[in-house]
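Hi everyone, thanks for making time this morning. I'd like to walk you through one structure, piece by piece.

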Amino acid sequence: MIEIGEDGRTWLLSGPTSSYALRLTDLDELLHLHWGPRITLADAESLATLPGPPYRPFESRLDGREEYPVEGGPRFVRPALSVRTQERRGTEWRFEAYESEDDELRLRFADDGLGVTLHYRMRGDVVERWVTLANEGPSLELLRADSATWTLPERDGWRLSQLHGRWAAESRLARSPLTYGEKVIGSRRGHTGHQHLPWVALDSGASEESGEVYGCALGWSGSWRICVAQLPDARVQISGGAGYDDSGLLRLEPGESFTTPVFAGLWSDGGFGAASRTWHAYQRAYVIPDADQDRPVLFNSWEATHFDISEERQRKLARRAAEMGVELFVVDDGWFGARTSDRAGLGDWTPNPERFPQGLKPLADDVHALGMQFGIWVEPEMVNPDSELYRAHPDWVQFQPGRTRTEFRNQLVLNLARPDVQEYLWEQLDGLLSSAPIDYVKWDFNRCFTDAGWPGEPYPQKLWVEHVEALYGLLDRLRAEHPGVAFESCSGGGGRIDLGIMARTDQVWTSDNTDPLDRLAIQHGFSQIHPARIMAAWVTDSPNAQLNGRISSLRFRFVSAMAGVLGVGGDLADWSESDLVEAREWVDLYKEIRPVVQRGDLYRLRPPEGGLSAVQYVRGDETVVLALLQAQHHGEPVAPLRLRGLDPSAAYECRETGEMYRGAVLLHHGLRTGLRGDFDAAVIRLRRI
């Protein structure tokens, strides 16, 4: 709901439990009024009459109060907008008009031919904000164009939550007191990055189940920056957008425009758990394609074969996967070009004639005949120097003239900002998806930008933005032309996970780390912002040969992976018959609980730091608990699990034990779940009766 004051200069957006208000002064200063519990328009107008801060030497009366601070004038905070022309730098805007249409509020400002439109939209209790910059004057340069600046109310002792990590250790949750100055997180790597997810949360004493939490998440899949600043008067502002530094984002010629990505924010008074559930519901309703459809159980051939791919070996794996109950069979890296190692073939997206002499269609048909969907792996934004594509077009990659072309994983980054590269990839991928009945594409991105140059281009740094826009355009075009094909975002694991890529893919690869114990912390952090519906998780071989050599039971591996979109990635040819039988039982159980896990409300009952970790999912009358016991020592007490989100007046039956519960449900870890020793796990199901 959008409400507007009588003078047309106060705006109030309201969701089910929260409101967001702003006010334009007579001097065309756009001030933030309120973000928090739901209020009325009269309340907002009363806030607008409150006196501003007292005068203090060397301080600005606007800092910490403006809705979208620009560079120039009486301001000293980090600007959200920085513009440079041949004559000057900075912005001195004037208000032109507002528009309120459907569920979107638009505030339009102008400055010497530059149009600045601030966009607002309420999705449940999530506020979406973004900016459109349209140039009708002389050429100008956007040095910085953040999507939004968020202003928080005054509180004592703010605490910052963030998700940090590295390859194979992504999404680690860290909480620390916020101190004066700026805390900056982001990526200067050309993609979202393994090091930080573009999300922050702030609280002043919240717990998992109670207290105010403010959260912000950026929808951009390239380089980005979020800055959390505690100002000298203790007020806190959060700015974020595309690009890491202020060296130059884009040049806008007359008639050109740029629309920033969405920077979304929410307020919750139900603790971190309620904030997460609000984020999850928002993404399922407004971001993730076809989120009302459950994702299938998949098998991926990578850990079984690596580059040693043959059509017959894939068929053998497919038969075993089908017997296990798998619904989607995916051929990973190695099916195309001269791809017998990571040294060659990237860029040549046609089946290897020796491995697949008749193309992919015969294998895809066989997989379909087994009752499964068929998928493939691609990495379209990359090229090996040893490839037909690179030999034909060495100028199509990002590079600096006269400098060594840096290789990671023996590959270079294609300059996707070039129209000829875009058209080549469209022809290759459209042809590939038309050549065989392919249902699923795992889209990988296995190296960062390093030599981000574009020789001959007058403004080469634009490739940082235009590469991402071209990626989005290519995915949108492929989805429109091939609506039955699902896409997964992968970047060496969790290197490209954000609201922008999630709007164009059906699931994301959370991490290359498939160790079931390591995954508990990764999945715990991931759940702070993103839902289980999009979180791919695999069961792989034990010992874990990829990373740590840890031995774990099939039971522990399955229950750990059942917290998201279940997949299997081990070498099924080496699994024993008893393992295959047990795996089939776990897959069957997952299919029963899948609607609750993928589309239910998530409650984090016990974090993974202790001996017992547990998550709960609630959907309608069904409840599922996944409990994993890392270690149990004789005589060491472990507190029972108190379930959440249930009707205290209703009765519930535990399907595993047949016991009846009423009111607050307590499950003791040993008596109720059957957990007995180190690395044990259990699935508990309750139904309201």
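I'll go through a barrel, a helix and a single serine.

First, some ground rules: this is a predicted model, where local features need pLDDT of at least 70, side-chain atom pairs count only at pLDDT 80 or more, and totals for chains, interfaces and linings use all residues. Residues are numbered from 1 along each chain as its sequence is written, and side-chain values use heavy atoms, leaving out hydrogens and water.

Let's start with the barrel. Helices (H or I, at least four residues) and strands (E, at least two) are DSSP runs, numbered from the N terminus. Here, 8 strands close into a barrel, in the order β22-β23-β24-β27-β28-β29-β30-β31, with parallel pairing; two strands pair if DSSP finds at least two bridges between them. For example, 2 bridges join β29 (residues 507-509) to β30 (residues 535-539), and Val508 has Met535 as its bridge partner in β30.

Next, helix α7, residues 419-435. How far apart are its end C-alpha atoms? They are 24 Å apart, which agrees with the 24 Å expected for 17 residues at 1.5 Å a residue, the expected span being 1.5 Å times one less than the number of residues. Its buried residues (under 20% relative accessible area, 1.4 Å probe, protein chains only) include Trp426 and Leu429. The buried residues of α7 pack against elements including β24 and α8.

Finally, Ser187 sits in strand β14. Ser187 counts as buried because its relative accessibility is 3%. Its side chain reaches the backbone oxygen of His191 at 2.7 Å.

Notes. Buried < 20%, exposed > 50% of the residue type's maximum accessible area, 1.4 Å probe, protein only. Contact = heavy atoms within 4.5 Å. Polar contact = N/O pair within 3.5 Å; in protein donor to acceptor, adjacent residues only side chain to side chain.
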